[in-house]
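Hi,

Here is the structure I said I would pass on. Have a look at it first, and my notes are underneath.

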Amino acid sequence: MSTIKNDRIDAKLKTLPTNSGVYLMKNKYNKIIYVGKAVNLKNRVSQYFHKSQKIKRIEKLVENIYDFDYIVTDTEDEALLLENNMIKKHQPKYNVLLKDDKTYSYIKVDMKSDYPTYFIARRVKNDGSKYFGPYPSAGTTNALLAYIKDNYM
């Protein structure tokens, strides 16, 4: 049995793709209140608007959803990285905010020396360096850094 809140949401649910991606739940002030990822956007987003037993936090979230947007990604890994970045950027009310910024690694290029130096960093700082990433695994970051050092240093 459906509990869809309004015709706009109902229409959007019907056009959702089955691709992987990230969805952004918004309140009546167009503020992002929740960011989630999905292997199948159509199935995952629709679950919020159908009657079922939900925990209190999710019930409260659904009560406050006025609209939603979504971003399609090519892979589940891309959706995971995008979700992480969107949560950090928007700090939505109903997401459990990541307390540990060490989730993903970056390649840091220190631009202050005569010759740029490359490091692996776990946090992006406003220190004049350039950061590339995030990368989903330390192994990927190490391999890329080794490639850079072998071919460009």
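Below is what turned up, going from the sheet to the cores and then to the surface.

Bear in mind that this is a predicted model.

Let's start with the sheet. It is an open one, built from 3 strands in the order S2-S1-S3, with antiparallel pairing. The edges are strand S2 (32-38) and strand S3 (67-72), each of which pairs on one side only. On average, neighbouring strands here are turned by 20 degrees against each other, ignoring direction. Strand S1 (residues 21-26) runs antiparallel to S3 and is joined to it by 6 bridges. If you want a spot to check the register, leucine 24 sits opposite aspartate 69 in S3.

Next, the inside. The largest nonpolar core contains 18 residues, and Tyr23, Met25, Val45, Tyr48, Phe49, Ile65 and Phe68 have the most contacts within it. Two or more residues each come from helix H1 (7-15), S1, S2, helix H2 (41-47) and helix H3 (56-64). There is also a second core, separate from that one, with 7 residues, among them Val22, Val35, Ala79 and Met86.

Finally, the surface. Leu144, Tyr147 and Tyr152 make up a nonpolar patch there, and together they have about 340 Å² of accessible area. Tyrosine 147 belongs to helix H5 (residues 138-152). Is tyrosine 147 buried, partly exposed or exposed? Its relative accessibility is 46%, so tyrosine 147 counts as partly exposed, since the exposed class begins over 50%.

Cheers

Definitions and conventions. Residues are numbered from 1 along each chain as its sequence is written. This is a predicted model: local features need pLDDT of at least 70, side-chain atom pairs count only at pLDDT 80 or more; totals for chains, interfaces and linings use all residues. Side-chain values use heavy atoms; hydrogens and water are left out. Two strands pair if DSSP finds at least two bridges between them. Helices (H or I, at least four residues) and strands (E, at least two) are DSSP runs, numbered from the N terminus. Axes are lines fitted to C-alpha atoms, for helices over the stretch in contact, and angles run from 0 to 180 degrees between N-to-C directions. A nonpolar core is a set of buried Ala, Val, Leu, Ile, Met, Phe, Trp, Tyr and Cys residues joined through side-chain atoms within 4.5 Å. Buried means under 20% relative accessible area, exposed over 50%, partly exposed in between (1.4 Å probe, protein chains only). Patches are made of residues with over 30% relative accessible area and no salt bridge: like charges are joined within 9 Å, nonpolar side chains (Val, Leu, Ile, Met, Phe, Trp, Tyr) within 5 Å. Accessible areas come from the Shrake-Rupley method with a 1.4 Å probe; for residues, only the protein chains shown count as cover. A salt bridge is a side-chain nitrogen of Lys or Arg within 4 Å of a carboxyl oxygen of Asp or Glu.
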